[in-house]
Every structure is written in C-alpha cells, then in structure tokens.
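This dialogue shows how a learner may read cysteines and a sheet in a structure model. Please look at the model before reading on.

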Amino acid sequence: MEIPDLDLTAVAVEIRSRRISSLEATEACLARAERLAGRLNCFIALDADAARAQARQADQVLSTGEVVGPLHGVPMAHKDLFSRENGVATCGSTILDGVRRTETATVLERLARAGAVDIGRLHMSEFAAGGTGHNLHFGDCLNPWDTDYSPGGSSSGSASAVAARLVYGSLGTDTGGSLRWPAALCGLTTIRPTRGLVSLHGVMPRTWSLDTVGPLVRSVRDCALMLDVVAGPDPRDPDCSALPVPDHVEALGASVAGLRLGVPDSGSAPDVDPETRTALSAALDVFRNEGLSIVDIEIPGVDPMFDLCELISRFEAAALHRSRLTERGDDYAPYIREHLESGLAISAADYLDAMRLRTGTIEDFMRSVFSRVDAVVLPSYPGRAPTMAECDPLRPAGAEEFWATYPRFTRPLSLPGIPVMSCPIGFGSNGIPLGMQMAARPYAETTLFSLGAAFQRATDWHRRAPDI
C-alpha cells in the first residue's frame with residue numbers, strides 16, 4: 001500500500017511509531033498534489049515549503065521522545081475560509097485575496113497543537129454560497145471519480161482533495177449541506193456536529209445562526225479522531241457550548257443492538273432516485289443484521305423547515321455582505337451577487353417571524369421524531385449526481401433544478417442544529433458515490449459514531465478510491 005492510500009488514523013499511527021516519517025508522508029502528498037491538483041483544481045494555494053518545514057519539525061520532536069498529539073505529523077489542508085494570523089483566507093473570492101488576517105481560527109490552532117501539518121488552502125464556492133464546485137474567480141473544482149461531475153460544495157476542494165488521496169483529512173463548513181453533499185458525491189465520511197460543539201472563532205460566516213465546522217475524511221474512525229481534536233468550549237466564541245466533549249473515538253466500539261433507527265415514509269421522502277433507494281435499502285439490511293430496529297416514521301415539517309432555513313440563511317448572508325455589495329458588487333460572480341441581493345428584499349419583520357416560527361417547528365420535529373427513534377436515516381442527496389454542465393449556475397434552468405432538488409434532505413436538518421453524519425453507501429450507475437445521512441438528538445454524536453462504525457465494519461464502500 002502506498003503512503004497516500006493510508007487513512008488518517010493509520011498514517012497517524014505509522015508516524016507516531018516512526019515506521020514512516022512525517023516528511024515522507026508530506027512528500028508523498030505533495031507529489032500527488034502536484035501531479036493531480038491541477039486536473040481537479042482543488043487547491044487555491046499549495047504551500048510546499050512551509051509544509052516540509054512543519055514535517056521536519058514534527059520528526060525532530062518525535063526523535064526526542066516527547067509526548068505528541070493524536071495527529072502528529074499528519075498532512076492536511078482546509079477549506080479557504082479559516083483565518084491564519086498574517087495569512088490569507090480568500091473565502092473563494094478575489095475580494096478577499098491578499099487581505100491579511102490578524103488571528104488564527106480556533107480549530108486550526110487545535111489541529112496545530114495536535115501536531116497536524118498544514119499543506120495548503122482548498123477550493124470552495126465563492127463565500128460558501130454554492131453547492132456545485134463552480135467558481136468564476138478560481139475556476140471550477142472537479143470530482144475525482146469523474147471530472148465531468150460535480151464534487152458538491154461549498155466545501156468542494158476539501159472533498160475532492162481527500163477523495164483523491166492528496167491529503168488525509170480536511171475541515172470544511174456546513175450551513176445547509178456544504179459538508180454532506182461533497183462527502184456523498186465524493187465517497188467520504190463527514191459529520192455536521194451539533195451547533196456549538198465546535199468553535200466558529202476565526203471562521204468566515206455564511207450565516208451566523210446556521211453555520212457549523214466539521215471534518216471531511218475517509219472513514220467514521222477518522223471523523224471521530226478529528227472531531228475529538230477540534231471540538232470543545234472556546235471563550236472566544238460566545239455561541240460555543242461549555243459542555244464537556246465525550247470521547248468519540250471510544251464510542252466507535254459501542255454496541256448498536258437495540259437502537260431504533262427511523263426511516264421516513266414515502267410522504268416524508270418523495271421523489272428519491274431508484275438507485276439511491278436501493279442503496280439505502282441495502283444499508284438498512286446491514287443495520288438489521290447489527291440488531292437495530294427499523295421504524296417507519298413520518299418526519300413532520302420537512303417543507304416548512306426547508307423554507308425557514310432558506311429565508312434565514314438568505315437574510316443573514318445578505319446582512320453580512322451588505323457593505324461589500326454596495327462597494328464592490330461587480331467583483332462578485334453574477335449568480336452569487338444575485339443570490340445575496342435577494343436576501344436584501346427580505347424584511348426584518350419576515351426574518352423575525354421566521355426566527356419565532358423556527359422554535360416551534362424545531363420542537364415539533366424533535367418531539368415527533370426522537371420520542372420514537374434514536375436516529376433517523378435519509379439520503380444525503382435525493383437524485384442522480386449532477387454533471388458540472390447540468391448544475392452550472394450560468395445556466396439558470398440547471399441551477400434552479402439543482403437548488404430545488406439537492407438540498408431537500410440536508411437543509412431541513414440544518415435548522416434544528418442537530419448532529420448529522422453522512423457515509424458512503426454505494427455507487428450510482430454513473431460511477432459516482434451515493435451517501436446516507438444519519439441524524440440524532442443534540443449532542444448525541446456518540447450515537448452516530450457507534451452507528452457509522454458498525455456500518456463501516458460491515459461494508460467497504462468507504463475504502464473505495466477513485467482511479468485517477
């Protein structure tokens with residue numbers, strides 16, 4: 001097995017045991033990135049010299065016998081909206097290219113303390129306002145399984161780079177599906193954690209009441225390891241929870257027998273592509289074999305939750321960009337500018353009504369669903385994977401169809417701020433991966449990790465790699 005083929009957990013063990021060096025792992029990733037990143041366009045900036053210096057330092061520390069962190073020497077790269085002191089975070093836009101940051105995001109500080117090596121900044125949709133991988137400023141990011149297809153977004157570069165084995169893991173963000181779409185379309189595992197579990201300090205906001213940060217990785221095991229590093233209280237983020245963080249890695253070995261898994265009835269999940277239904281059915285059989293009870297449930301308020309999430313995100317995004325739209329409106333891609341300006345037409349009264357309705361809608365959802373089951377399963381995306389041409393935002397008809405279809409099961413689950421995991425469950429006839437979401441009560445990430453680990457012990461979809 002080549003070094004880039006190891007997953008995050010495995011390469012961390014190999015480096016810590018000194019069977020391979022951090023520099024060897026870093027050089028292997030850099031060589032692969034230099035060969036493939038141009039074809040996939042998944043990096044905005046690759047900093048090879050800084051990465052080599054970090055790797056050499058990591059190896060030097062190991063040689064002294066010093067106790068090291070769980071990600072010591074592991075090469076990573078992250079979505080380009082995390083601040084680095086004296087560095088640049090473009091947020092996928094030339095508007096911020098060259099603007100130096102004055103602080104480092106909490107999550108990057110925690111990864112550095114855990115020993116991770118940072119090799120560069122990854123592609124993303126402009127200001128995280130897209131789900132397809134298109135970007136007029138930095139070019140389009142492509143799916144490593146088939147470059148004709150969308151890698152998802154807005155964390156498109158993170159998914160493309162991890163799936164292509166250019167790095168072992170990446171942090172992205174999720175407002176309405178920006179971790180879960182790319183994870184599903186690129187055959188990866190991710191978790192959108194409970195809102196407040198991971199600090200947003202130093203992260204460019206898409207919306208202030210819906211954003212989350214999470215890992216994009218190759219397995220549930222990798223996901224747990226990375227979340228354990230970045231989660232936890234942060235006094236610099238007033239919305240960050242003060243609750244202690246459980247050991248998610250420890251939860252991987254927990255039995256799932258006896259848990260109740262909710263599956264939406266046809267009224268709650270219409271118009272799901274037949275290939276996705278077949279893959280989900282096979283996944284449910286895996287869970288039955290693990291001793292879970294599968295319960296048909298009605299998920300109330302899916303459409304109202306979708307609409308509320310859409311209104312809230314548009315209003316908050318417009319408010320965040322109001323001054324830039326006035327001063328530098330022509331520097332936005334036209335479809336991004338149009339999307340943001342649509343939020344300016346939403347009145348404060350409508351926004352406040354939506355926030356008021358949000359509370360009751362979430363309460364109804366939580367009571368109806370989690371009084372009956374421990375977790376609920378939904379597709380990560382309902383239809384066939386779109387090609388880049390089909391979802392091109394410069395083709396209004398295609399873009400409208402994408403936004404009307406693909407967020408159907410991700411966006412509603414964003415509204416209550418609950419944890420949601422996405423795992424690969426197979427492939428469509430087009431060769432593009434399929435994904436399933438599992439959602440649980442707030443701060444029940446351990447339940448999802450137990451379920452995901454049990455599924456991945458019984459299947460090997462997460463071990464498949466694109467042949468580039």
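Q: Is C240 buried or exposed?

A: Buried means under 20% relative accessible area, exposed over 50%, and partly exposed in between, with a 1.4 Å probe and protein chains only. C240 has 12% relative accessibility and therefore counts as buried. Please note that this is a predicted model, in which local features need pLDDT of at least 70 and side-chain atom pairs count only at pLDDT 80 or more, while totals for chains, interfaces and linings use all residues. Residues are numbered from 1 along each chain as its sequence is written, and side-chain values use heavy atoms, with hydrogens and water left out.

Q: Why does C240 form no bond with the closest cysteine sulfur?

A: A disulfide is a pair of cysteine sulfur atoms within 2.5 Å. The closest cysteine sulfur, in C223, lies 17 Å from that of C240, which is too far for a bond. C391 is likewise in no disulfide, as the nearest cysteine sulfur, in C141, is 12 Å away. C391 counts as buried because its relative accessibility is 2%. The search of the whole structure finds zero disulfides.

Q: In what order do the eight strands of the open sheet lie?

A: Strands of a sheet pair through backbone hydrogen bonds, either parallel or antiparallel. Strands are DSSP runs (E, at least two residues), numbered from the N terminus, and two strands pair if DSSP finds at least two bridges between them. Here the order is β4-β6-β5-β10-β11-β9-β7-β8, with mixed pairing. The edge strands, β4 (170-174) and β8 (293-297), each pair on one side only.

Q: In which sense do β5 and β6 pair?

A: Strand β5 (residues 189-192) pairs with β6 (residues 212-217) in the antiparallel sense, over two bridges. Within this pair, T189 stands opposite V217 in β6.

Methods
Helix = DSSP H or I, 4+ residues; strand = E, 2+ residues; numbered from the N terminus.
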